[in-house]
Amino acid sequence: MLVLVTAGVFTLIHLTPGDPIDVMMAESVDDSVKSNLRRELGLDQPIYVQYATWMGRLLRGDLGRSIRNGEPVIENVSRRIRPSLQLAALAMAVSLLIATPLGILSAARRNTSVDRVGTTFALFGICMPNFLLALLLIFLFGVKLRWPISGYLDPLEDGWPGLRSLVLPALTLGLALAAVVTRTLRSSMLEALGEDYVRTARAKGLSEWRVIRGHVLKNALIPVVTVLGLQLGTLIGGAVITEYVFALPGVGRLVVDAIFARDYPLVQGVVLLIAVGFILSNLAVDLLYGWIDPRIRYR
Amino acid sequence: MRSSALDANLHRRDFLLLCAMAAGAVAPTMAARPTSAQTTPKKGGTLRVGFYLEASTMDPHLSGSKVDRQIYHNIYEPLLTLDVKLGIKPGLAESWQQVEPKILVLKLRKGVKFQDGTDFNAEVVRFNFNRMKTEPKSVRKGEVASIESVDVVDPHTVRINLRRPDAALLATLTDRAGMMVSPKVVQERGAELERNAKGAGTGPFEFVEWVKDDHLLIKRNESYWNKQGGPYLDRVRYRPIPDDTVKLQSLQAGEIDVIDYVQPRDVAAVRADKNLVELDVPSLAAFSYQLNQTRPPFNVKSLRQAVAYAIDLDQIVKAVWLNVGVPANGPVPPTSWAYDKSIPPIKRDLAKAKAKLAEGGKPSGFPFTITTANIPINVQEAEVIQAQLAEVGIQAKIKLVDAATQLSDGNSKNFDMISYQWSGRPDPDGNSYQFFKTTPGTSLNWSGISNPQIDALLDKTREVSNQAERKKLYSELTKLLQDELPMIYIVHPIEPKAFSPKVQGYEPIPDGMMRFKEVWLK
Amino acid sequence: MAGSIRGSGIAEPATAVERPSLRPVVRGRRWEILRQAARTRLGPLGVLVLLLAVTVALLAPVISPYDPLKQDLGHTLARPDRAHLMGTDNVGRDVLSRMIWGTRVSLLAGFGSVALAMVAGGILGLLAGYTGGHTDGFLMRLMDAVLSFPPLVLALALGAVLGAGLGGVVIALGVVYTPTFARLMRGQVLTITTREYVEAARALGAPGWRVAWHHVLPNAATPIVIQASLSVAFAILAEASLSFLGLGVQPPGASWGSMINAGRGYLQQAPWIVFWPGTALFVTVVGLNFVGDAVRDALDPRLRK
């Protein structure tokens with residue numbers, strides 16, 4: 001299956017017009033240098049030969065080197081993974097902070113105004129295009145309040161300024177994610193609240209809050225974990241637009257930049273890694289799900 | 001609006017005025033200069049610079065990108081340098097003499113050492129030129145193609161033997177082709193030089209580290225040979241910030257101190273901002289469109305001329321570039337000694353445009369496609385041009401492409417009219433030869449023009465060494481180009497730079513390179 | 001999740017699919033569903049928005065106050081006033097007019113790409129479900145492969161290959177959404193063909209396509225329609241995202257995404273260029289979501305308490 005993905009990427013990227021060497025050396029014209037470089041990198045071979053070579057190297061664990069900066073693809077990715085992971089983690093934290101109380105309250109006070117607020121928020125969050133949200137936040141904080149909104153500082157190294165550089169992008173992604181989580185949490189809570197054991201607990205005279213905290217919450221959180229896990233893949237590889245607008249050196253932007261520069265090895269390598277990551281996280285979620293919820297195991 | 005040429009002169013005059021004045025210059029938008037006793041430069045501090053792109057390599061012989069040059073001009077030094085008027089000044093070479101048309105003798109500065117401690121001498125120069133010519137990945141081969149060999153006359157004199165007279169060589173040596181790299185570093189480090197340039201140059205700063213996607217750090221070279229003036233800064237930290245809005249906002253928020261380019265649309269706001277200093281730096285760059293002469297519709301000269309007459313350059317420069325630039329009359333920018341202000345840019349003339357259409361057999365207009373890069377200002381300009389052309393019935397379609405596709409389309413001549421941005425070279429040869437000389441195969445001559453008269457002119461500009469004579473030749477060339485129209489030139493942009501008011505001592509040179517030797521922080 | 005092209009729409013309809021009806025769908029039930037949907041408070045609101053959008057799109061030449069392409073270089077970046085209700089953009093074009101015409105693009109892109117995905121996915125799903133075996137396996141692997149692609153990257157690459165323009169975007173998005181529909185259809189095929197009445201029909205000698213036509217499709221229609229209504233909303237968002245990155249409608253054509261992208265550099269001077277089309281985008285997507293939700297809620301037996 002991965003073969004399909006990689007073959008697909010390969011074909012696709014090679015079909016796009018444009019040549020990485022031309023892009024690298026836009027302002028100089030020495031043809032002989034360019035053709036030498038092409039020969040050295042094997043770019044003058046027919047497509048299937050190039051693919052075979054790449055596959056061969058891959059099986060030996062070598063993802064190749066980026067054409068633009070000559071560094072191994074692995075290094076390029078690992079350098080960019082940190083900001084992406086940090087952003088993803090922060091976004092998830094933000095979303096949980098917002099969604100948990102909202103989701104619980106919505107379900108507990110179903111069809112009241114609180115619920116309406118929660119569902120409306122969820123709906124709006126899902127429908128808001130994230131580039132629009134990003135621009136809105138930039139407008140509010142950058143233009144009106146004159147806060148700094150530039151690139152990236154590592155919170156692990158620079159502490160507060162680092163965190164500050166990630167706040168707005170994390171908000172952008174986190175709000176949207178919160179919408180999804182709120183929805184999921186609400187519906188799973190509703191489902192859990194309708195279960196027999198809850199009715200029993202209530203009959204026993206336990207307060208609503210005890211019921212929720214004791215029994216419902218744990219079960220309701222399972223689908224939430226699922227959703228978060230699935231979204232992790234999207235967060236890392238798909239936060240392209242957010243990374244662009246906030247100038248964060250993440251994996252998403254790496255891929256897009258590589259596509260624009262026709263940096264074939266980098267594109268293939270990164271897409272492969274993202275796909276693998278996605279598959280792995282799906283697998284992990286499946287396993288986790290099966291482990292937590294015994295009912296599922298015997299399907 | 002006054003004629004464009006006059007505006008260009010005003011800009012230049014402003015600069016000369018500024019340079020002649022002492023620190024605390026009159027014009028409030030210009031950065032103060034430390035030449036008077038009013039403020040004495042202070043040592044120390046880290047200058048934080050925001051750039052639009054990441055550098056690609058630290059080896060000047062292998063570099064093909066403009067951004068790299070910005071850093072090179074601080075850690076490496078070329079044999080010759082430029083002054084504010086683009087005149088040639090001594091660099092690592094103290095003096096030069098064109099002994100014969102094909103022999104150039106350079107006398108090198110004494111007592112210069114590389115940052116790794118090795119000596120700079122004639123042998124080093126020979127080593128560097130050989131490397132540029134023979135290193136397989138060298139991108140400088142074309143630039144030094146006229147050099148046959150380099151002889152060491154004595155430890156501080158080199159003789160450069162040329163294959164043919166090359167009047168543009170001196171200017172070429174003010175940039176990467178003249179930059180001297182320590183042979184010891186090359187031999188010991190090999191390919192690693194591209195990431196790590198510690199000790200490799202002779203410049204006022206030396207390379208410290210490069211963390212990709214994050215920053216590039218250089219620090220003051222304590223053993224710099226030139227004890228006059230700077231360097232004052234402790235360190236300079238370059239940060240790549242690809243987004244213009246974010247870059248500007250970083251500057252406004254005080255996260256960085258300098259940005260290399262302010263978009264025309266932001267210039268007014270930056271000028272009005274009391275916490276920033278804006279500097280208009282006229283550049284060598286040109287923005288133009290190449291017209292494909294190898295296929296219809298632009299294989300017909302009068303149709304090319306029709307388009308040129310239908311375009312309103314003044315309106316474009318005013319509305320799209322917001323007057324951050326001057327309308328262009330050809331490849332030579334107003335900052336150059338070769339600029340002929342008596343040749344006006346092509347003025348809009350709808351009657352002439354219609355006449356040319358009829359002459360070309362398309363009296364009611366014709367359709368074609370404008371291929372342009374997907375950058376906001378390009379898009380805007382293309383839209384304006386489209387509307388202007390529509391007034392004479394020419395229907396232009398716009399095709400947006402990314403940079404790679406643009407290069408590929410251009411190189412393979414797969415376009416009708418394609419946008420082209422050239423960052424410019426100090427010698428007019430760099431702005432013209434490779435675009436207009438008949439060249440089979442792939443080259444920067446995207447239009448495919450092959451005109452014997454132009455070819456002859458171009459060759460002559462390289463042979464003649466007298467500047468006044470060359471200027472006349474370039475005037476002739478400009479007039480011919482306005483008739484033949486392989487390219488329609490639109491504007492010579494000004495490259496506005498913005499600074500935090502702490503930054504003092506910046507001296508703008510029209511090649512757009514930011515040299516920090518004399519810069520200090522208040 | 002907003003901004004991610006696929007959106008979270010996939011997870012939700014699964015609940016409705018788990019308990020398909022036990023009989024072939026009868027006409028009366030459809031009316032019941034519609035009535036149910038209409039009773040939700042938000043459903044009709046969403047339909048209203050949708051109708052508004054369609055009307056605006058159709059009547060664009062009539063209601064647009066200015067030619068959306070007409071430049072007025074003397075009045076660029078003008079604040080909203082009586083002459084230009086929503087201001088002008090960087091070459092002096094009326095923002096309101098461009099927004100109106102942009103509706104066409106968004107709706108075309110949204111419905112077009114989903115229609116494409118429905119047909120392509122439907123056929124593939126049918127094929128996979130019916131033939132089973134290796135074909136099924138291969139097709140589903142193919143669909144999984146496409147699904148595990150980061151959607152934006154896929155769309156970008158496809159867009160670069162197919163060239164710019166609305167057509168390219170519609171096709172690219174169609175490809176991105178096809179696996180969802182293929183999987184859905186296949187699931188339906190598998191569930192329904194194991195029903196007794198179908199097996200009975202087959203035993204009686206009814207040819208495959210007949211079974212498909214009379215039994216599978218009507219039953220499958222429901223979850224597919226639900227998915228479609230949700231996907232359209234995301235497709236519109238996706239087209240805007242791609243336009244934002246420079247694909248899609250070429251200038252000087254107006255599309256909400258490209259307007260937002262063009263206005264990005266003018267946030268300080270002229271925020272209305274970004275925020276009016278943004279609002280239009282948001283409202284349309286919300287409305288479509290209302291419709292989708294209402295239909296889904298109406299069909300989900302469990303929530304029908």
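## A tour from B:Lys102 outwards

Begin by selecting B:Lys102, which, leaving aside residues up to four places away in sequence, touches B:Asn161, B:Leu162, B:Arg164 and B:Pro165. The model on the screen is a predicted one. B:Lys102 sits in the loop that links strand 4 to strand 5 of chain B. Because 15 other C-beta atoms lie within 10 Å, a count that falls between the limits of 12 or fewer for exposed and 20 or more for buried, this lysine is classed as partly exposed. If you then add B:Ala167 to the selection, which is 65 residues away along the chain, the two C-alpha atoms are found to be separated by 9.9 Å.

From the loop, extend the selection to the sheet of chain B, an open sheet of 4 strands in the order 4-5-7-6, paired antiparallel. Strand 4 (93–100) and strand 6 (147–154) of chain B form its edges, and each has a single partner strand, so one side of each is left without a neighbour in the sheet. On average, and with direction ignored, neighbouring strands of this sheet are turned by 20 degrees against each other.

Stay with the strands on either side of the loop: strand 4 of chain B and strand 5 (residues 103–108) of chain B run antiparallel and are joined by 6 bridges. To see one residue pair in this region, select B:Trp96 together with its bridge partner in strand 5 of chain B, B:Leu106. Next, show helix 3 (residues 122–134) of chain B, which packs on the sheet and touches strand 5, strand 6 and strand 7 (157–162) of chain B, its direction making about 165 degrees with that of strand 6 of chain B.

Now turn to the nonpolar residues. The largest nonpolar core has 296 residues, and those with the most contacts inside it are A:Val255, A:Val270, B:Ile488 and C:Leu173. Centre the view on A:Val255, which, not counting residues up to four places away in sequence, touches A:Val267, A:Val270 and A:Val271, as well as C:Val153.

While chain A is in view, colour it by confidence: its pLDDT averages 74, and 77% of the residues score at least 70. Confidence in this chain is highest in helix 5 (residues 73–108) of chain A, at 82, and lowest in helix 15 (residues 294–297) of chain A, at a mean of 52. Where pLDDT is low, the predicted coordinates should not be read in detail.

Finish with chain C, which has 12 helices and 0 strands. Of its 305 residues, 55% are buried. Among the contacts in chain C with a separation of 6 or more, 73% are between residues 24 or more positions apart.

How values were computed. Residues are numbered from 1 along each chain as its sequence is written. Chains are lettered from A and ligands numbered from 1 in the order in which they are written. This is a predicted model: local features need pLDDT of at least 70, side-chain atom pairs count only at pLDDT 80 or more; totals for chains, interfaces and linings use all residues. Two strands pair if DSSP finds at least two bridges between them. Helices (H or I, at least four residues) and strands (E, at least two) are DSSP runs, numbered from the N terminus. Axes are lines fitted to C-alpha atoms, for helices over the stretch in contact, and angles run from 0 to 180 degrees between N-to-C directions. Two residues are in contact if their C-beta atoms, placed from the backbone, lie within 7 Å. pLDDT is the predictor's confidence in each residue, from 0 to 100. A nonpolar core is a set of buried Ala, Val, Leu, Ile, Met, Phe, Trp, Tyr and Cys residues joined through C-beta atoms within 7 Å.
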